[in-house]
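Here are a few friendly notes to read alongside the structure. Keep the view open and follow the points one by one.

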Amino acid sequence: MQERLANSFDPFVLPYTIGLVFILTYLFIALIRVVKALPNDDKLKLLKHIFSLKIFKSGWEIFMECLLHRKIWKKNWTLGYMHTAFAFGWFLLIILGHLEVQIYAPHRLNLPWYPIFFRYFMMETQSTMQGAFFFFMMDLTLLYVLSGLGLAIFKRFRRKAFGMKRTTKLRWNDQIAVLALWSIFPLRFLAESFYSEISGGSFLTAGVGSIFHWFYDFTANEIYVRPIWWAYSIALGVFFIMLPWSRFTHILSEPLFIIMRNAGIREEHRNSGYGKVEIYSCSRCGICLDPCQLVSVASLRDSAAINYTRHLRLWKSEKAHQAASTCLMCNRCTQACPVGVDTAALKLNTKHELVNLHTTDQYNYLNTNAGADLQSVPSSVDVIYFAGCMTHLTPATKLAMTKILEASGEQFRFIDEEGSICCGRPVLLAGARKSANELMEKNTELFNQTHAKTLVTSCPICYKFFKENYDLNMRVLHHSQYIQELLKEGEIKVNPTAAKIVFHDPCELGRNSGVYDEPREVLKSVGQLQSTAYDGEESLCCGHSLAAEALPYRKRRVMSEDAVEKLTTNNPDILATACPACKKAFSETNKVEVKDLAEIVAENLV
Amino acid sequence: MKSIAIIGAGIAGLSAASDLSKKGHKVYLIEKNVEIGGHVAQWDRLFPSQKEAKIVVDELVKNLNNRAEVLANSEVQHCEKKDNKFELILTGNKNLLVDTILVTTGFDTFRAQRKEEYGYGIYENVITSADLEQLFKKHNVVCKTGNPPKRVAFVHCVGSRDEKVGNRHCSKVCCVTAVKQACEIKELYPDCEVYNLYMDLRMFDRHFEDMYHEAQSKYHVNFIRGRLSEAGENKDHQVVLKTEDTLAGKPLKLTVDLLVLMIGMEACHSQKSLNAKLGVRSDTDGFLSTKDIFTQNNFSNTDGVFFAGTCTGPKTIPETFADARAAASLVNAYLMS
């Protein structure tokens, strides 16, 4: 291997080099701005993370997700292959390119364009001609990337083959960036093929190069094919310059996002820096479109997570507010997102911004005489039952729970029988963080005064909030968990029935709290539990979530009907759920008998 | 002799059947239930005159004078238009070939279980306005325990004007029915306290306002503006209501012995399966869509298919009769042309 030219520079390297300098400068400034925008304790977290062993875990995750796209493989192999071919393939080209320079021309390592246009500046000597190890590896990797490109083009026409019904439309900025990206590799391939007779190549470039040679001998007129190097360099330069203004910003932000997330930083205030990185980490891959029922059932495409992040990126706050306040926060998008963008948290901030303009001190009365009837007295019972306001709207559930608790022989108190205040989560979901805190404080005081050991609630919304956001001196259980415990310990017994039951996982209990098994165990003891395609993490949203204040009831209804349709394909006798909101939503459709699992248990108590 | 099939033997169907048969046409009156007379036959007394519903239905039957062929307990399974005639297949494989069809399928009452928060079917002392009429008919207006109620509350707009159950429309008759029933309760039990929980009172027709006035001045019925938020049950099986008096701006808790839900009108559910067969369609509120809301209110979009009564939206009894007579004269004109 030797240098082909005395000169280590050619004007065609300029577009690439300018692009590279631009993007590195951008990255440096953006990094400083993001870190500066972090609250001080988050900065400390980041620093601690970087200088701890945990950084290796982040490194591994970056490798697995940013380069190998592990989560996309899980969704669909073809889609996974396509993304990996681009990311990992390109990464290999860069690494191998630098290795080549390191080995054969170490004095040129200071020239950033040298590894990229290696086969222009360097040539093989006779001794290594035809099949040098690196040339072979480079050709193989290039072929790998090109295969990914082929799939990407194919995907534009037949996205169903990639397991996607819907994908994103490309705007002008993305079109330029995609076009540049798609040109980079074919142009490199052409340039290296034309030059294979001059600088050497391997099976791919030399093979195709010899075909070109058959038509015309370029070795004598190198000047004719020089423009291909220009085109290759320009494609790279354009791509780099478009990086911050297109969907490909995620290439830069995702590694940082992973590090920050692993450092324990969360988006708690708008524009905290972390949120910015999160928004820019959305690659607009479109994987979240199909799971979103607002898109697939209610035709509200603008509310999809992917479009919400776009509104934020483009500072379209009106549209972002609209998307946030029609979102049901079922988190099916977050579940599907290969990057792990948690739009629910971002949406809360968007709402918070809007709501706090209008609300002040709503719950002042809690500490005045009007709140006096909420006094809770200390008592000797171990179990307190909090039905929750939504459960008071589905009284069959609370009566069933009273019956079960009485049958168990456990001493309990129904603490919100006469009334209560909201747990605060619906208020928080509406964006009123301050009001939610007031309610939380009052409830915490009331609950802790009872000195009970266990708090049982029938509402998954309350459950999630009590469990995660409250500081209670007792364990918190959803009634499905408590009933399962009573059954396991033999405190209550049920008669098994032949009823065919399908269980719908409420979003707040399942996906958002991770309780999947207990309800199923309870139902198995009392009926024939059937599985559906929407069990567990795949669970649908019932449409009645309290989060979507601006979602019209007609849209909700369409979603409920669609969900019931999908859940009852095997004609179950009962559609069981464990959430008052889901129960109301499904009962409305009038298609199947809908019951809370507590009702089924109460009906069949021995 | 021209023939006509009338689907639904409620008051609209009966009225039109007698008008058309008097004109000398062959009338088939198809009724899915065993009894004819529709919802009115289930009622005790009617606003605004307190006339007995039974008398109204009896008058209609008497007018009909056995001139029409009543096909009770049968439903339309299939319908096809063949050369300006309609071929109908009824349950029991009975075939009819008629020149025209008049749809008088009426309405369904709202299924009160759908508002689970009001406790119908869960708490024993929660009944619907239709249930109360049955109790009036049996002269047995008592709580589940058999004791006369000391305090009764009526909830207006149950299943009407309620976005959450998918019904935006007003059912028109429930406000005044609640006033009528409240006065009837007071007539039976002068010491009973009676409350009406309303959104707003729509006393739009003749004598309604007088009834409302009398309810307050003569019977001392209490009217509270506020929707019921939820109902609970105490140890004595009384119903505990949580609402807000929106005129006073205060939350309110009310314990009653009997809660009456003023269920509204919904488009007839069994009608929906007929739509495609008849070539007619439902509007966004579920009721049938007429050719023109002003000038062609009894016409469907299919030539030869006419509408009368509450199948095209909630109506009072006088309105239903007017509509049925109009439809009958239009059908007659169609048959004679």
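1. A good place to start is the pairing of β3 and β5 in chain A. Strand β3 covers residues 383-386 and strand β5 covers residues 454-457; the two run parallel and are joined over four bridges. If you want a spot to click on, Phe386(A) stands opposite Thr457(A) of β5(A). Please bear in mind that this is a predicted model.

2. Now step back to the sheet that holds this pair. Which order do its strands take? In chain A the order is β4-β3-β5-β6, in an open sheet of four strands with parallel pairing. At the edges you will find β4 (412-414) and β6 (475-478) of chain A, each pairing on one side only. Neighbouring strands of the sheet are turned against each other by 25° on average, with direction ignored.

3. Next, look for the helix lying over these strands. Helix α23 of chain A, residues 460-469, lies across β3, β5 and β6 of chain A. With respect to β6(A), helix α23 runs at about 160°.

4. It helps to place that region within chain A as a whole. Chain A has 28 helices and ten strands, and the box filled by its C-alpha atoms is roughly 95 × 50 × 45 Å along the principal axes. Of its 606 residues, 48% count as buried. Among the contacts in chain A with a separation of 6 or more, 74% come from residues 24 or more positions apart.

5. Then turn to where the two chains touch. How many residues does each chain bring to the contact? Chain B gives eleven residues and chain A gives eleven residues. On the chain B side that touches chain A, six residues are charged, three are polar and two are nonpolar.

6. Finally, a helix pair in chain B deserves a look. Two packed helices are described by the angle between their axes and the distance between the axes. Helix α1 (residues 11-22) and helix α7 (residues 317-336) of chain B pack at about 35°, and their axes are 8 Å apart. The crossing of α1(B) past α7(B) is right-handed. From α1(B), the contact includes Ile11(B), Ala12(B) and Leu20(B); from α7(B), residues including Phe321(B), Ala324(B) and Val331(B) take part. The residues of this contact divide into ten nonpolar, three polar and three charged.

Terms used: Residues are numbered from 1 along each chain as its sequence is written. Chains are lettered from A and ligands numbered from 1 in the order in which they are written. This is a predicted model: local features need pLDDT of at least 70, side-chain atom pairs count only at pLDDT 80 or more; totals for chains, interfaces and linings use all residues. Two strands pair if DSSP finds at least two bridges between them. Axes are lines fitted to C-alpha atoms, for helices over the stretch in contact, and angles run from 0 to 180 degrees between N-to-C directions. Two residues are in contact if their C-beta atoms, placed from the backbone, lie within 7 Å. Ala, Val, Leu, Ile, Met, Phe, Trp, Tyr, Cys and Pro count as nonpolar, Asp, Glu, Lys and Arg as charged, and the others, Gly among them, as polar. A crossing is left-handed if the near helix is turned anticlockwise from the far one by less than a right angle, and right-handed if clockwise. A residue is buried if 20 or more other C-beta atoms lie within 10 Å of its own, exposed if 12 or fewer, and partly exposed in between; C-beta atoms are placed from the backbone.
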